[in-house]
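Colleague: I am new to this structure and would like a close look at one part of it. Please choose a single residue, begin there, and work outwards to what surrounds it.

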Amino acid sequence: MKDYPIVLSIAGSDPSGGAGIQADIKAVSACGGYAAAAITAVTVQNTLGVSGVEYLPADLVERQIDAVMSDLAVDAVKIGMTGTAPVVEAIARQLSRHPVLYVVTDPVMVSTSKDALTMPEAVEALCTCIFPKSHIVTPNIDEASRLAGFRIASVDDMDRAAVMLRDRYSCAFLVKGGDMGGDSTSTDVLCDIDGLVHFTSDRIATENLHGTGCTLSSSIATFLGAGRPLREAVHSAVTYVHRAILAAAQLRIGHGHGPLRHM
């Protein structure tokens, strides 16, 4: 086990601090790692929603990644919001130039407030350029439905989608069930080389869920970078996120979907 894994987050910036790069840095730090960051986009957002997005030029994103990976001994990479196809292609080039054992991809398509964050052509580029280089991909229900090509409405559907996507892209898939609703528990479904496993948590009555997906994927990357096996890393990350949601349940930060309590 590595005491202080170095994790590079490649994602967008959230000025309100609850999601994106800011959430990733907090989560990696809280889980015992060192966080580096390459920014793909600057968003104008707060807990109420996203009112603007400026995608950075692919060359600038690529140079950020190269600067970090040519210097730091990166143990794991977390990929979040990519925005455009040229940025995805730039990330893929750098992953080929600087291979790392663990790549965790959160295929961010929309925000918690349902604002679009990624161009459709970038999603296609993720599928062809990034997923095959990933150790695990962590879509939510809507993202997994889009990737699998059918509407996911039950845990059985999550199982089916996770197996389908694992087989299609030859990497593990964690389909997150937090948005499905309708029960006192939430189930996340992991499909890896050994098959399916469910991670079930009690639901917490709170609106403070801003950046949950970012936090989960970056904490998985940290635990993988520390040397934990995949299932143990996912279990530890799910537990950490549940505790961070619980700790933030009564916080009043902003007037909308507040952040988790990462620390």
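Modeller: V7 is buried, with a relative accessible area of 1%, where buried means under 20% relative accessible area, exposed over 50% and partly exposed in between, using a 1.4 Å probe and protein chains only. This is a predicted model, in which local features need pLDDT of at least 70 and side-chain atom pairs count only at pLDDT 80 or more, while totals for chains, interfaces and linings use all residues. Residues are numbered from 1 along each chain as its sequence is written, and side-chain values use heavy atoms, with hydrogens and water left out.

V7 has its place in strand β1; strands (E, at least two residues) and helices (H or I, at least four residues) are DSSP runs, numbered from the N terminus. Setting aside residues up to four places away in sequence, V7 touches V28, Y34, A35, A36, A76, A221 and T222, a contact being heavy atoms within 4.5 Å. Although V7 and V77 are 70 residues apart along the chain, their C-alpha atoms are separated by 5.6 Å.

The strand that holds V7 belongs to an open sheet of 9 strands with mixed pairing, in the order β3-β2-β1-β4-β5-β6-β7-β8-β9, two strands being paired if DSSP finds at least two bridges between them. The edges are formed by β3 (49–55) and β9 (195–202), each of which has a single partner strand, so one side of each is left without a neighbour in the sheet. Helix α2 (residues 58–69) lies across β1 (6–13), β2 (34–46) and β4 (76–79), and runs at about 155° to β2; for this angle, axes are lines fitted to C-alpha atoms, for helices over the stretch in contact, and angles run from 0 to 180 degrees between N-to-C directions.

L8, the residue that follows V7 in the numbering, leads to the packing around this strand. In the largest nonpolar core, of 37 residues, L8 and V77 touch the most other members; such a core is a set of buried Ala, Val, Leu, Ile, Met, Phe, Trp, Tyr and Cys residues joined through side-chain atoms within 4.5 Å. At least two residues of the core with L8 and V77 come from each of β1, β2, α2, β4, α3 (85–97), α4 (120–130) and α6, with α3 supplying the largest share, 7 residues. Another core, of 28 residues, lies apart from it, and V104, I136, F199 and L216 are among its members. Leaving aside neighbours within four places in sequence, the contacts of L8 include A36, I65, V68, M69 and V77.

Two of the residues that V7 touches, A221 and T222, are among the buried residues of α7. Of the 14 residues of α7, 12 are buried, so this helix is largely enclosed by the rest of the structure. The helix covers residues 212–225, and its end C-alpha atoms are 20 Å apart, which agrees with the 20 Å that it should span at 1.5 Å a residue, the expected span being 1.5 Å times one less than the number of residues. Just after α7, G227 takes a positive phi of about 105°.
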